[in-house]
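Welcome to a short guided look at one protein. Take a moment with the sequence and the picture, and then read on for a tour of the main features.

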Amino acid sequence: SLFRNYLIKFITDWDSDPFVIDLLMAIILFNPDRPNLTDRELIKVQQQLYMYLLQRYLQIRYGSEYNENSCPENGSESVIIDNHSIADTLSEEQNSRSQDMDNDFYVPNIDSSDIDSTDSYYESQSAVVAIAKPINDYNNNNFNENEMHFVSELLSAIKHMKRNLVAISVWEPTNIDDFFRPLMNKHEESISSFVKTCKSLKAFKDICERDQMTLFKSGGIEALTFYRYTRFDYDNDWWKVVMDNGNAVIIRLDLFKQHRFETVYPMSKKTLNNIKHTLDLDLNIIYLLLPIIIFNPNKSNLVHPEIVRFQQQLYMFLLQRYLRIRYGSECDTKLAQILDIIQDIRQLTDIHNQDTRLKDPKLLGPLLREVLDIELPPVDQYSLTAL
């Protein structure tokens, strides 16, 4: 009888909403009051963030009924938290991050009549875990203060990847094997810069070192591949890579026709076309996708996959909010297309990694070898006799 009354009340109050159910399960899981916890404060932060997402969703879906649905009965203590307390836990350098926020991130102010309601949700077999139900914000067409703290931190972190180099001389190889060696230093620099970017995200620093290494060895290369494809020059049909010494290498897309894996050229052409027309070369979308790719909870050997899943869902929430603001009723279609692009990037990354492993390990940089778990062959003892 008790269970029956509970079930009836739950279905009536929450409309069997799968998004509410999923968030409540996470809130119950991250209980900071359980005994024998090592990182109690971290667990508390995770629970508060899920509580914030639940509050945000209830405000959006139920509007004026939000307080009625969220207030406990019988005078019990309210579990609704102050949204401002969340922002205080996100960073110890909140003010400095706000000052460093990249001005490139612009949220268009769209009339609320352009934003339609939808009850569809995304089912994907990809590594990206979409939030079960999209956020339909009728009353607020811009990110709020708490959401902008995450965006600000991300844009500040990505500055490690931005370098304005001027080309002094330009070289265009005609053979695909010719540009591998000159670009190796650039690959090493990109890996180093992206490590700094990840380490600048509190969400990444909060996970254990073992999981950090696991995520970077897999998602890091995928994210760098994605970022590299977004830097394509569509007007000239090439990539222009400028080195520290001012030398630039022009890599035409047609050069990929020479690749040992025949699928690279058609897949690259398709992916570049999708990036141009689906992402609209929108830097806001591109930047938000980088941590979504990194925080892949389906990678093997993760110690805390549930924490990684939460971090990915958090950035998915921000991406959905931005797509809802910019594209309105087209948000659902746009998100599904974006997830398809990530799948294509994963396949391209796997192919490029296979190709790299077939090359002489001595031609690879130490960081790339470490990320791909490639070891140098043992030194021939007789080769040292000439020294």
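A residue counts as buried when its relative accessible area is under 20%. By that cut-off, buried residues account for 50% of the 387 residues in this protein. Please keep in mind that what you see is a predicted model.

**Overall picture**

The secondary structure consists of 15 helices and three strands. How many of the contacts between residues at least 6 apart in sequence join residues at least 24 apart? The share is 75%.

**How confident is the model?**

The average pLDDT over the protein is 75, and 71% of the residues score at least 70. Confidence is highest in helix α11 (residues 264-278), with a mean of 94, and lowest in helix α6 (residues 94-99), with a mean of 35. Across residues 68-140 the pLDDT stays under 50, and the model has 169 contacts beyond four places in sequence for this stretch. Residues 381-387 also have a pLDDT below 50, with one contact in the model beyond near neighbours in sequence. Where pLDDT is low, the predicted coordinates should not be read in detail.

**The largest pocket**

Now for the open spaces. The largest pocket holds about 1,400 Å³ of space. Its lining is made of 43 residues, and those nearest the centre are Leu183, Lys186, His187, Arg228 and Val241. Which elements supply at least two residues each to this lining? They are α8 (180-199), α10 (209-229), β2 (238-242) and α14 (331-357). Of these, α8 gives the most, with eight residues.

**The second largest cavity**

Searching the whole structure turns up two cavities of 30 Å³ or more. The second largest cavity has a volume of about 50 Å³. Around it sit Leu154, Phe194, Thr197, Cys198, Leu201, Leu290, Pro291 and Ile294. Two or more of these lining residues come from each of α8 and α12 (283-294). Helix α8 therefore turns up again here, just as it does in the lining of the largest pocket.

Here are the two linings by class of residue:

| Space | Nonpolar | Polar | Charged |
|---|---|---|---|
| Largest pocket | 19 residues | twelve residues | twelve residues |
| Second largest cavity | seven residues | one residue | no residues |

**Helix α13 and the residues at its ends**

Helix α13 covers residues 305-327, which is 23 residues in total. From its first C-alpha to its last it reaches 32 Å, close to the 33 Å expected at 1.5 Å a residue. Is α13 mostly covered or mostly open? It is mostly covered, with 19 of its 23 residues buried. After the helix comes glycine 328, which has a positive phi near 60 degrees.

On the other side, histidine 304 lies in the loop between α12 and α13. Why does histidine 304 count as partly exposed? Its relative accessibility is 31%, and partly exposed covers the range between under 20% for buried and over 50% for exposed. Leaving aside residues up to four places away in sequence, histidine 304 touches Cys208 and Asp211. Isoleucine 207 is 97 residues from histidine 304 in sequence, but the two are 7.8 Å apart in space, C-alpha to C-alpha.

Definitions and conventions:
Residues are numbered from 1 along each chain as its sequence is written. This is a predicted model: local features need pLDDT of at least 70, side-chain atom pairs count only at pLDDT 80 or more; totals for chains, interfaces and linings use all residues. Side-chain values use heavy atoms; hydrogens and water are left out. On a 1 Å grid over the protein atoms alone, a cavity is a set of points where a 1.4 Å probe fits but cannot get out, and a pocket is an open set with protein on both sides within 12 Å along at least five of seven lines; lining residues have an atom within 4 Å of a point. Grid points are joined across faces, edges and corners, and a volume is the space filled by probe spheres set on the points. Helices (H or I, at least four residues) and strands (E, at least two) are DSSP runs, numbered from the N terminus. Ala, Val, Leu, Ile, Met, Phe, Trp, Tyr, Cys and Pro count as nonpolar, Asp, Glu, Lys and Arg as charged, and the others, Gly among them, as polar. The expected span of a helix is 1.5 Å times one less than its number of residues. Buried means under 20% relative accessible area, exposed over 50%, partly exposed in between (1.4 Å probe, protein chains only). pLDDT is the predictor's confidence in each residue, from 0 to 100. Contact means heavy atoms within 4.5 Å.
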